Protein chains: 4
Amino acid sequence: MAGASGYAGGEILRLLLAHPQIEVGTVTASSTVGERLGSIHPHLVPLADRVIAETTPETLSGHELVFLALPHGHSAALAGQLPESVVVVDCGADFRLESAQAWTTFYDTPYAGSWPYGMPELPTGAGSRQRDRLAGATRIAVPGCYPTAVSLALAPGFAAGLLEPDDVVVVAASGTSGAGKSLKPHLLGAEVMGSMSPYGVGGGHRHTPEIEQNLSRAAGETVQVSFTPTLAPMPRGILATCTARLRPGTDVTRVRAAWVAAYGDEAFVHVLPEGSWPATGAVTGSNHVQLQVAVDDRLGRVVVVAAVDNLTKGTAGAAVQCANLALGLDETLGLPVAGVAP
Amino acid sequence: MAGASGYAGGEILRLLLAHPQIEVGTVTASSTVGERLGSIHPHLVPLADRVIAETTPETLSGHELVFLALPHGHSAALAGQLPESVVVVDCGADFRLESAQAWTTFYDTPYAGSWPYGMPELPTGAGSRQRDRLAGATRIAVPGCYPTAVSLALAPGFAAGLLEPDDVVVVAASGTSGAGKSLKPHLLGAEVMGSMSPYGVGGGHRHTPEIEQNLSRAAGETVQVSFTPTLAPMPRGILATCTARLRPGTDVTRVRAAWVAAYGDEAFVHVLPEGSWPATGAVTGSNHVQLQVAVDDRLGRVVVVAAVDNLTKGTAGAAVQCANLALGLDETLGLPVAGVAP
Amino acid sequence: MAGASGYAGGEILRLLLAHPQIEVGTVTASSTVGERLGSIHPHLVPLADRVIAETTPETLSGHELVFLALPHGHSAALAGQLPESVVVVDCGADFRLESAQAWTTFYDTPYAGSWPYGMPELPTGAGSRQRDRLAGATRIAVPGCYPTAVSLALAPGFAAGLLEPDDVVVVAASGTSGAGKSLKPHLLGAEVMGSMSPYGVGGGHRHTPEIEQNLSRAAGETVQVSFTPTLAPMPRGILATCTARLRPGTDVTRVRAAWVAAYGDEAFVHVLPEGSWPATGAVTGSNHVQLQVAVDDRLGRVVVVAAVDNLTKGTAGAAVQCANLALGLDETLGLPVAGVAP
Amino acid sequence: MAGASGYAGGEILRLLLAHPQIEVGTVTASSTVGERLGSIHPHLVPLADRVIAETTPETLSGHELVFLALPHGHSAALAGQLPESVVVVDCGADFRLESAQAWTTFYDTPYAGSWPYGMPELPTGAGSRQRDRLAGATRIAVPGCYPTAVSLALAPGFAAGLLEPDDVVVVAASGTSGAGKSLKPHLLGAEVMGSMSPYGVGGGHRHTPEIEQNLSRAAGETVQVSFTPTLAPMPRGILATCTARLRPGTDVTRVRAAWVAAYGDEAFVHVLPEGSWPATGAVTGSNHVQLQVAVDDRLGRVVVVAAVDNLTKGTAGAAVQCANLALGLDETLGLPVAGVAP
């Protein structure tokens with residue numbers, strides 16, 4: 001576990017503590033080397049007395065499975081020094097994008113390439129799922145938190161050919177752990193509580209190309225998305241409101257069924273019964289995505305709202321789910337199936 | 001002041017306590033008649049010992065100015081029994097809509113008609129503002145909170161002919177005081193804190209026709225809006241993310257200027273300097289609207305984000321602002337010009 | 001599981017979903033009979049389609065283990081109709097107090113008697129623990145949430161003879177789930193967020209006699225407590241600040257060691273390393289209590305601060321822990337050992 | 001206004017914007033020199049375009065009144081270079097303590113002396129108030145936020161001779177703005193929301209000697225206090241639960257009357273009607289203190305709970321109130337008399 005002192009690293013460790021087949025090995029970080037894990041993550045009681053080692057190929061060697069939760073731009077060099085046979089699951093952005101050009105437009109480090117994309121439930125055309133690419137993989141790129149919510153929300157409509165590819169608007173609210181532990185004034189508790197604000201408005205958020213990559217794959221054509229993220233006064237959770245125009249002639253009474261069918265067999269993605277709407281509080285700490293679909297037939301638009309915990313299914317839960325697939329374990333093993341509410 | 005025990009009523013009283021020309025007269029309500037105001041609104045210290053009277057034409061008579069903050073459907077009968085010469089400012093929905101059909105579609109009580117609409121800053125075509133209809137009026141309908149944020153966010157673009165009327169998508173987050181004091185399980189603190197959820201998805205929210213009425217007036221043609229409201233874990237504030245497609249051929253470098261020009265002379269509506277984004281925390285308790293405008297030129301869309309306090313500029317502040325206009329006072333008199341932050 | 005629709009009932013179900021040896025049987029309640037559990041507790045995804053039955057002896061019969069989470073005054077009649085051989089774990093107050101007089105002073109229903117008190121870690125004099133009374137018991141009274149935090153915080157000092165019995169002052173803050181789902185205006189999200197307030201000041205809180213019973217047992221003499229509970233703007237968690245006067249002549253350098261020794265072997269009660277202080281956020285959703293002890297030697301007082309999740313270790317976690325003991329299982333089985341943070 | 005970029009400085013500016021007799025002059029700071037005030041305090045709309053100057057004797061000269069809101073240890077040097085005739089109101093700790101020894105024990109900079117202490121309502125023995133020392137003063141030390149709440153809560157009981165001086169226990173919860181804008185991990189929003197934690201336990205908090213100084217003055221003898229501050233998940237507000245032992249023989253039926261009498265004529269300190277309890281939400285943004293008094297006659301203790309906004313009456317409101325007194329203005333001029341609730 002490299003990058004253990006951040007929120008993603010802490011969440012991976014939390015999940016592994018309940019995992020029946022994976023044991024926590026060496027725990028590494030950079031600026032907190034030598035500290036007790038209990039002083040960084042006091043909630044991880046059974047690991048409190050572990051001492052944080054330095055993130056190097058040497059400290060990570062000898063493990064069958066390595067999770068990376070590093071700032072973007074740091075995974076490639078490290079992964080390159082780990083044996084091919086080791087399963088490496090990267091929570092960073094480095095290997096998510098297939099397009100070097102998209103990477104270069106949105107990120108400030110050299111393009112590192114792409115790894116199998118760790119969103120098992122994503123419809124990828126012709127009835128297949130992304131899951132098929134993950135079984136037995138030894139390198140996996142865990143999706144971003146917003147792309148998890150938005151892609152799972154809209155992909156069934158694109159896969160079913162119901163949605164226009166050029167009129168997608170998404171506004172999503174995230175809890176502040178999504179911004180990590182960086183010490184910035186606008187992330188102070190006094191600033192955050194009681195206040196909502198947008199950021200990255202106008203298409204500039206780095207998760208935009210990742211969302212478009214996923215939806216384009218589901219649609220079989222290029223999908224473009226207007227994406228506005230906002231910061232909400234809560235520690236965890238993403239609520240993504242995703243709307244797209246229905247293709248002319250769509251039978252609006254059959255729209256919702258496309259989503260129900262897409263996720264009927266999925267353990268972690270749930271279309272709620274009609275009349276119920278997702279709330280981020282219901283998925284806190286769990287690996288679930290909750291969805292609801294509505295059609296605004298006056299305007300010919302579908303509105304899909306998805307709730308997900310940005311740290312669990314949005315990051316660490318997906319990482320463990322992918323590790324299960326890579327290791328040939330039951331995909332759901334060790335993952336929390338109930339949220340912590342209220 | 002009729003309807004004093006709710007949040008809107010309490011906020012009107014808070015503002016009037018600081019108003020140099022308006023004195024609080026009789027304070028009335030229905031279920032709390034006979035109680036000390038201090039037991040309902042402990043924050044209104046100077047009025048703590050006022051006893052709440054019953055809302056009747058008699059208790060309200062003899063005042064030059066009457067504010068109504070009643071459940072919808074109750075204003076018409078009461079207002080009809082108040083003299084024409086009394087200035088009546090209604091915070092309810094009853095007289096906001098000009099279309100009887102729109103009212104009937106979205107509300108469950110008979111259509112009561114329409115009064116001059118209390119949004120002074122709204123561009124209403126040909127360079128005029130809604131303010132012109134309010135000076136000296138004796139009946140005024142205060143706008144809804146969401147329509148305040150959304151209409152002021154998008155109207156300049158429609159008034160300047162920059163935006164397509166049929167591709168408007170709005171997602172707005174509101175603090176829970178927007179839902180009033182009704183005792184519903186999903187409004188309990190334990191449910192609300194740490195959670196976001198949508199409601200009225202698919203076009204059903206009652207504020208939709210009011211938003212469309214305002215934007216259509218600014219545009220000079222029919223505007224339709226996909227509107228999704230969400231509930232955010234904060235007591236006050238609305239953050240509205242409003243997006244519309246630019247007309248083909250629009251010079252994107254000139255878009256923002258339309259908003260700057262529209263509100264350059266306004267006391268309460270502010271386009272922030274480029275690079276700054278509004279936060280609801282900055283307008284808490286104040287009568288300001290803060291806006292920012294961005295163009296996503298890849299998609300040809302404009303994104304306008306507005307922050308407003310739903311109880312102040314979104315309700316009670318607008319009511320006092322309109323009362324000032326009706327009484328011939330300085331429009332800004334007694335209104336808070338600084339938010340309470342952090 | 002009787003009383004499934006409240007917060008305590010929901011938390012018990014959450015824990016049982018992860019329990020390897022206990023399976024959820026019939027789920028009952030009163031006002032929500034016939035509803036899907038998913039509409040009441042959307043976070044309990046695997047149980048979403050369970051239909052709530054009515055709480056009667058018949059619906060509960062045939063189970064080896066029954067949890068009661070009922071309003072106080074309802075447990076006795078129901079438990080009396082369940083076979084003696086069934087293990088009944090009651091989360092209500094009905095059977096916690098050994099003194100009929102204390103019950104009558106603080107509660108408004110007839111005294112029902114007392115059951116073995118479900119706080120395994122409580123020192124009960126002469127080196128014994130309350131745990132000894134729980135193995136194989138078929139009736140167990142789960143402690144209240146405040147008494148859990150306060151008793152575990154102060155009992156080691158009384159058991160070691162370090163503290164004066166007549167100068168104990170406790171101020172505790174609780175998240176609002178502690179007040180349950182009752183629809184009261186002061187529990188609305190808009191009222192709760194951004195605000196703290198006390199209640200039950202002056203000794204009137206019902207948890208006072210329970211705290212005194214526990215501390216008196218540890219001390220071997222009568223202990224009296226000044227207890228003030230406050231409501232904090234968070235969904236879960238109790239932070240109890242507990243202070244008592246040291247007996248004259250106490251060696252202040254040895255005080256902390258009494259707590260370290262008392263809980264050194266306990267799985268769920270932890271004295272943090274010196275310099276670290278407990279935070280409720282670190283125990284959210286877990287069965288842990290985190291403590292720290294300080295001596296104010298200027299004043300000759302000890303200050304112990306305890307953090308606990310009121311719904312987990314404070315209620316449902318203790319219930320499952322006691323059920324484990326009653327059934328002869330490992331006491332820690334199925335209980336969460338990591339908090340959900342941040 | 002020196003130190004304008006912090007929370008105290010921002011709050012002073014907010015209050016001055018509504019003050020009819022004081023105009024905001026030069027606005028200075030250190031690390032933010034040259035920035036627009038709007039980028040630091042976006043809620044202060046009318047001052048948004050002010051540019052922050054450097055804090056030097058030169059930039060501050062030429063003003064009749066200077067507020068200092070600097071880190072402790074910085075006020076003495078600056079104040080020494082301002083003319084004696086200028087009214088200097090210091091929000092820092094530097095001049096609050098009369099005892100050089102107490103200063104040295106709790107602070108890490110040289111003792112600077114003491115100025116008239118800016119708590120007008122404090123009973124100071126023999127029927128007098130601290131207010132008498134402030135009229136016409138040219139140097140005033142504004143109290144700390146906790147000492148404001150605690151001293152006003154307990155002083156009437158000491159002034160009336162009702163309370164034992166050696167058994168005072170105070171536990172107070174503060175919103176996180178009390179910790180200022182310092183970028184520390186435990187102050188991040190994700191850490192703070194949903195969590196409460198103590199700090200400075202065991203008598204080490206710097207506000208302890210200030211509280212003891214005030215209560216000793218009221219009592220006419222040395223009072224010692226066990227003080228534990230805690231951090232609560234809210235931006236503003238202090239709730240102080242203050243308890244002391246009644247002197248033997250005290251008539252408990254007359255205790256509350258001592259508080260009612262002490263503050264009957266005060267504009268900003270209010271003993272609530274019996275049965276009502278203070279909430280910090282009711283004083284947000286206002287200059288009020290709300291109190292309630294209860295006697296736990298079983299234990300012979302009085303419990304006084306006080307709610308105050310740490311930034312308003314706890315800092316900036318007191319500063320303006322003192323400036324009013326110093327300048328010979330009405331003490332209440334320009335100060336908010338209603339809280340912003342909900």
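## The sheet of chain A

Two strands count as paired if DSSP finds at least two bridges between them. In this predicted model, 7 strands of chain A form an open sheet with mixed pairing, in the order 7-8-6-9-12-11-10. Its edges are strand 7 (197–198) and strand 10 (269–271) of chain A, each of which pairs on one side only.

Strand 6 (residues 163–174) and strand 9 (residues 238–246) of chain A are antiparallel partners, joined over 8 bridges. One residue pair illustrates the register: A:Val169 has A:Thr243, in strand 9 of chain A, as its bridge partner.

## Helices on the sheet

Helix 9 (residues 255–263) of chain A packs on this sheet, where it touches strand 6, strand 9, strand 10, strand 11 and strand 12 of chain A. The direction of helix 9 makes about 160 degrees with that of strand 11 of chain A.

Helix 6 (residues 145–159) of chain A lies across strand 6, strand 8 (225–231), strand 9, strand 10, strand 11 (289–296) and strand 12 (301–308) of chain A. Relative to strand 6 of chain A, helix 6 runs at about 150 degrees.

## The sheet of chain D

Chain D has an open sheet of 7 strands in the order 7-8-6-9-12-11-10, and the pairing is mixed. Strand 7 (197–198) and strand 10 (269–271) of chain D each have a single partner strand, so one side of each is left without a neighbour in the sheet.

Within this sheet, strand 11 (residues 289–296) and strand 12 (residues 301–308) of chain D pair in the antiparallel sense over 8 bridges. D:Val293 has D:Val304, in strand 12 of chain D, as its bridge partner.

## Chains A and C

Chain A superposes on chain C by a rotation of 180 degrees with 0.0 Å of shift along the axis, at an RMSD of 0.0 Å. This is the relation of a two-fold axis. Both copies use the same surface, since 100% of the contact residues of chain A recur in chain C.

At this interface, 27 residues of chain A are in contact with 27 residues of chain C. About 2100 Å² is buried between the two chains, and carbon and sulfur atoms give 69% of that area. On the chain A side, A:His43, A:Val340 and A:Pro342 lose the most area to chain C, together 29% of what that side buries. Helix 1 (residues 7–17) of chain A supplies the largest share of the side touching chain C, with 4 residues.

What is the count of residue pairs in polar contact between chain A and chain C? There are 10 such pairs, with both residues at pLDDT 80 or more. The rule finds 0 salt bridges across the interface of chain A and chain C.

Terms used
Residues are numbered from 1 along each chain as its sequence is written. Chains are lettered from A and ligands numbered from 1 in the order in which they are written. This is a predicted model: local features need pLDDT of at least 70, side-chain atom pairs count only at pLDDT 80 or more; totals for chains, interfaces and linings use all residues. Side-chain values use heavy atoms; hydrogens and water are left out. Helices (H or I, at least four residues) and strands (E, at least two) are DSSP runs, numbered from the N terminus. Contact means heavy atoms within 4.5 Å. Axes are lines fitted to C-alpha atoms, for helices over the stretch in contact, and angles run from 0 to 180 degrees between N-to-C directions. Copies are superposed by least squares on the C-alpha atoms of residues with pLDDT of at least 70 in both. Buried area is the accessible area (1.4 Å probe) that two parts lose on being put together, summed over both. A salt bridge is a side-chain nitrogen of Lys or Arg within 4 Å of a carboxyl oxygen of Asp or Glu. A polar contact is a pair of N or O atoms within 3.5 Å; within protein, one must be able to donate a hydrogen and the other to accept it, and residues adjacent in sequence count only if both atoms are side-chain atoms.
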